[in-house]
Amino acid sequence: MNLAIASGKGGTGKTTLAVNLARVIGGPVQLLDCDVEAPNAHLFLGGPARERRVIGIPVPEVDPHRCDGCGECGRFCAWHAIVSFGTTPLVFPELCHGCGGCALVCPRGAIRETERRIGEVEIRQVDHITLVTGRLDVGVAAAPPLVAAVKAARREDVPAILDAPPGTSCPVVATLRGADAVLLVAEPTPFGLHDLELAVATVREMGLALGVVVNRMGSGDDRVQRWCAGEGLPVLLEIPDDLRVAQAYSRGELMVDAVPAYRPLLTGLLARIADLTRATGTVRAR
Amino acid sequence: MKIAFTTSGDGPDAPLDSRFGRAPKFLVYDLDGDAWQMLDNAQNLGAAQGAGIQAAETVVRAGARAVVTGHCGPKAFRVLAAAGVTVYNSAAPTVATALADFRAGRLAPARGADVEGHWA
């Protein structure tokens, strides 16, 4: 089981849902914090990291004695991380995505790859939850390789909950790829619906099973539910706009611990997610 | 010798654009042939990063030996310098005025980038 929790809009409650689901799940679970530009699941689970891995990507280094300035590397690079005008290329490591293409296309074998640090992966054990946190270094632009490193740390024999970054761009796609099901958390507001529509389009493009959770019900209207009904999307849970939940959140506490009445809501959600993945044939978007 | 000017317009009377990497267009003037050439830079307007590098590649491939623009960031400057292109910063209101300043020797070659990159 590989459950990704995403949203179009930021701040809708992805992490809240992810950490609370991990808490109520019966048995060992891995929680992968893939929001590597702003990881925060550890704030709710606490505990020291038992392991810390430095993550890097391969970036090109050019041997000026072998390079004849043919420019193949620069023509290949979609990110303009390596540029050549008939002379030894200029390298901009901060733009490099680490694909290795420049070294492959170099006819002179003049490019070798060196490691450039982009961030860290931390692993914590909190009761039955193994929390894997990706932390991108400040100033690093390309998050997907670090998201991949977070996902590479998971064990296949233990269910995983993936907390995605907000939005619909590359780091989100990198997180969702390979998920058995995606939960999209939305707010019942015009802004919330707008960004939910973008997120739904992304998940459909990827052909993944999909369900919606509406958070802070009562703070807006029913436009998200009406839109989901029209699109044939299941709304798997509605979480009320509850001051007690917000107060618990502000103290770094879990909703299901502070207000135990929410526990059955989330275990019920887990059951509906299991149905969703079993019924993949009917729910799968494409 | 060819000189590239940044602009949002279509001719010498158009405004000189203050940006290099994300200027909508480059007007390239050939001092020897007294001819203007338009280079489109629209693909870089929405680029998240690397706009300056790509813009620099565009003007270098067009054969420009000088760039006159409002500001030039560090990556673009590095590429232009490596290709032997001289950068001149100018606050002139129009491309034509900037060209007149260039001809009259009123522009000094920039020794480095005069602004920070737009990210990182």
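User: Which residue forms a salt bridge with A:Arg117?

Analyst: This is a predicted model, in which local features need pLDDT of at least 70 and side-chain atom pairs count only at pLDDT 80 or more, while totals for chains, interfaces and linings use all residues. Residues are numbered from 1 along each chain as its sequence is written, chains are lettered from A and ligands numbered from 1 in the order in which they are written, and side-chain values use heavy atoms, with hydrogens and water left out. A salt bridge needs a side-chain nitrogen of Lys or Arg within 4 Å of a carboxyl oxygen of Asp or Glu. With the closest N and O atoms 2.7 Å apart, the partner of A:Arg117 is A:Asp137.

User: How many salt bridges are there between domain 1 and domain 2 of chain A?

Analyst: The bounds, from an automatic or database domain assignment, give domain 1 of chain A as 2-54 + 120-283 and domain 2 as 57-117. Between domain 1 of chain A and domain 2 of chain A, the number of salt bridges is 2.

User: What area is buried between the two domains of chain A?

Analyst: The domain centres, taken over C-alpha atoms, are 37 Å apart. The contact (heavy atoms within 4.5 Å) takes 6 residues from domain 1 of chain A and 4 residues from domain 2 of chain A. Buried area is the accessible area (1.4 Å probe) that two parts lose on being put together, summed over both. Carbon and sulfur atoms give 53% of the area between these domains, which is about 520 Å².

User: What area is buried between chain A and chain B?

Analyst: This contact takes 12 residues from chain A and 14 residues from chain B. Carbon and sulfur atoms give 70% of the buried area, which is about 1,300 Å².

User: Which residue of chain A meets B:Lys75 in a salt bridge?

Analyst: The interface of chain A and chain B holds 1 salt bridge. At an N to O distance of 3.8 Å, the partner of B:Lys75 is A:Glu94.

User: Which residue meets A:Arg75 in a salt bridge?

Analyst: Over all chains the structure holds 26 salt bridges. Helix α3 of chain A (residues 72-76) carries two residues 3 apart, separated by about one helical turn; helices here are DSSP runs (H or I, at least four residues), numbered from the N terminus. At 3.3 Å, N to O, the side chain of A:Arg75 meets that of A:Glu72.

User: How many residues apart in sequence are the parts tied together by A:Phe44 and A:Tyr249?

Analyst: The search finds 5 aromatic pairs over all chains, where rings of Phe, Tyr and Trp (its six-membered ring) pair if their centres lie within 6.5 Å, and planes under 30 degrees apart count as stacked, over 60 as edge-to-face and the rest as tilted. A:Phe44 and A:Tyr249 have ring centres 5.2 Å apart and planes at 35°, so the pair is tilted. A:Phe44 lies in helix α2 (residues 41-45) of chain A and A:Tyr249 in helix α9 (residues 243-250) of chain A, so the separation in sequence of the parts they tie together is 205 residues.

User: What phi does A:Gly252 take?

Analyst: A:Gly252 comes just after α9(A). Its phi is positive, at about 75°.
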